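I'm starting a fresh page for this structure. My plan is to look things up one at a time and jot down what I find.

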Amino acid sequence: MKENHLLQIRRIMESAVREAAELILQAHGILAETKTGKRDVVTEYDRRVQETLIALLSDAVPGAHFFCEEMDEQDRLDEKQVFIIDPIDGTMNFVHGLKHSCISVAYMEEGEVRVGMIYNPYTDELFSAIAGGGAECNGKAIHVTDTGLADSIVCFGTAPYQPALTDRTFSLARKLFDAGLDLRREGAAALDLCTVAAGRAGLFFELQLSFWDYAAGQLIVKEAGGVCTSPDGVPLSQDGSKCGVVAGSPAAVKDYFSL
Ligand code: IPD
Ligand code: CA
Ligand code: CA
């Protein structure tokens, strides 16, 4: 029987991501270049991981388009097949030797994300989801926790490139610290979404993210039984524009909206 089309894409993504991840594991002499400011950094490894992924994925899926963080100009998202790539999520961690970064790849077909994959090469954890097919980590099904905010660890991101959001971020973090068990700021939004999907944290928020940060993770959270929305309850933007993200177990997200 012919392999299901999305399973085939998932297999292609896994082999590309694992090959590109070797660059991260073998990286040395990592030099940071700043982009929009001191907190927004890029390295030659971000570019090399991205180039490797584009080369491998275009070979396996001829005609595919790309919407990647380190591209000068992204392809349009309304093309038939588009890969959305964050080559290294958690570049600040990568630069400082904090081994908590990942590769995030989403596959969008006809305007909808259908496969999401996030790989942490340091722990060898590969998270993935196919729309309608559940979420897994290293082949085992994963689920969000069934706890509400009071019994949850809360992960958050500081929206570091947007100083205008800093006060709001920390006042929300303070509220969630009081309402929940404790806070974590681990430095890679895509992995934070996996942390929620795997039931390790009940809630995650960041007041501004780019599409490549959450394209794959939003599907993994949803397929793990969780909720992924914007901080004011509007569905997450799927057109490539930036937006805030709240993700969590249904109970924790409900508690968040009644804070
Ligand atoms: C960043 C990380 C960080 C988050 C930022 C993201 P990058 O991605 O996910 O945790 O706070 O908002 O931009 O720049 O390392 O790919
Ligand atoms: Ca990122
Ligand atoms: Ca990145």
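Asp 86 is where I began, in what is a predicted model. I looked up its exposure: the relative accessible area is 1%, and the cut-off for buried is under 20%, so Asp 86 counts as buried.

Next I checked what Asp 86 does with the metals. It bridges the calcium ion (ligand 3) and the calcium ion (ligand 2), and these lie 3.8 Å apart.

**Ligand 3.** Which residues coordinate this calcium ion? I found Glu 69 (OE), Asp 86 (OD) and Ile 88 (O), at 2.2 to 2.3 Å. Along the chain, these donors follow the spacing E-x16-D-x1-I. I looked up Ile 88 as well, and it is buried, at 1% relative accessibility.

**Ligand 2.** Here the calcium ion is coordinated by Asp 86 (OD), Asp 89 (OD) and Asp 213 (OD), at 2.1 to 2.3 Å. The donor spacing in sequence reads D-x2-D-x123-D. That long gap made me check where the pair sits: Asp 89 is in strand E4 (residues 81-89) and Asp 213 is in helix H6, 124 residues apart, so the pair links distant parts of the chain. Are these two buried or exposed? Asp 89 is buried at 6% relative accessibility, and Asp 213 is buried too, with a relative accessible area of 12%.

**Ligand 1.** I counted its neighbours next. There are 15 residues around ligand 1, and the closest are Asp 89, Gly 90, Tyr 161, Arg 185 and Glu 206. Asp 89 is familiar from the ligand 2 entry, where it is a donor to the calcium ion. For polar contacts I noted three distances to oxygen atoms of ligand 1. A backbone N or O atom of Gly 90 lies 2.7 Å away from one, a polar side-chain atom of Arg 185 lies 2.8 Å away from one, and a polar backbone atom of Ala 188 is 3.2 Å from one.

**The core.** Then I turned to the nonpolar residues. The largest nonpolar core has 41 residues, and Ile 84, Ile 118, Phe 211 and Ile 220 touch the most other members. Helix H6 (residues 211-223) gives the most to this core, with eight residues. Why does the core lie between the domains? Domain 1 (2-141) and domain 2 (149-256) both give residues to it.

I picked out Ile 220 to see what it touches. Leaving aside residues up to four places away in sequence, its contacts include Ile 118, Phe 127, Ile 142 and Cys 194. There is also a second, separate core of 31 residues, with Val 61, Ile 103, Met 117 and Leu 126 among them.

Terms used
Residues numbered from 1 in each chain as written. Chains lettered and ligands numbered in written order. Predicted model: local features only at pLDDT ≥ 70, side-chain atom pairs only at ≥ 80, totals over all residues. Heavy atoms only, no water. Donors = N, O, S within 2.8 Å, 3.2 Å for Na, K, Ca; no water. Buried < 20%, exposed > 50% of the residue type's maximum accessible area, 1.4 Å probe, protein only. Core = buried A, V, L, I, M, F, W, Y, C linked by side-chain atoms within 4.5 Å. Helix = DSSP H or I, 4+ residues; strand = E, 2+ residues; numbered from the N terminus. Domains from an automatic or database assignment. Contact = heavy atoms within 4.5 Å. Near = heavy atom within 4 Å. Polar contact = N/O pair within 3.5 Å; in protein donor to acceptor, adjacent residues only side chain to side chain.
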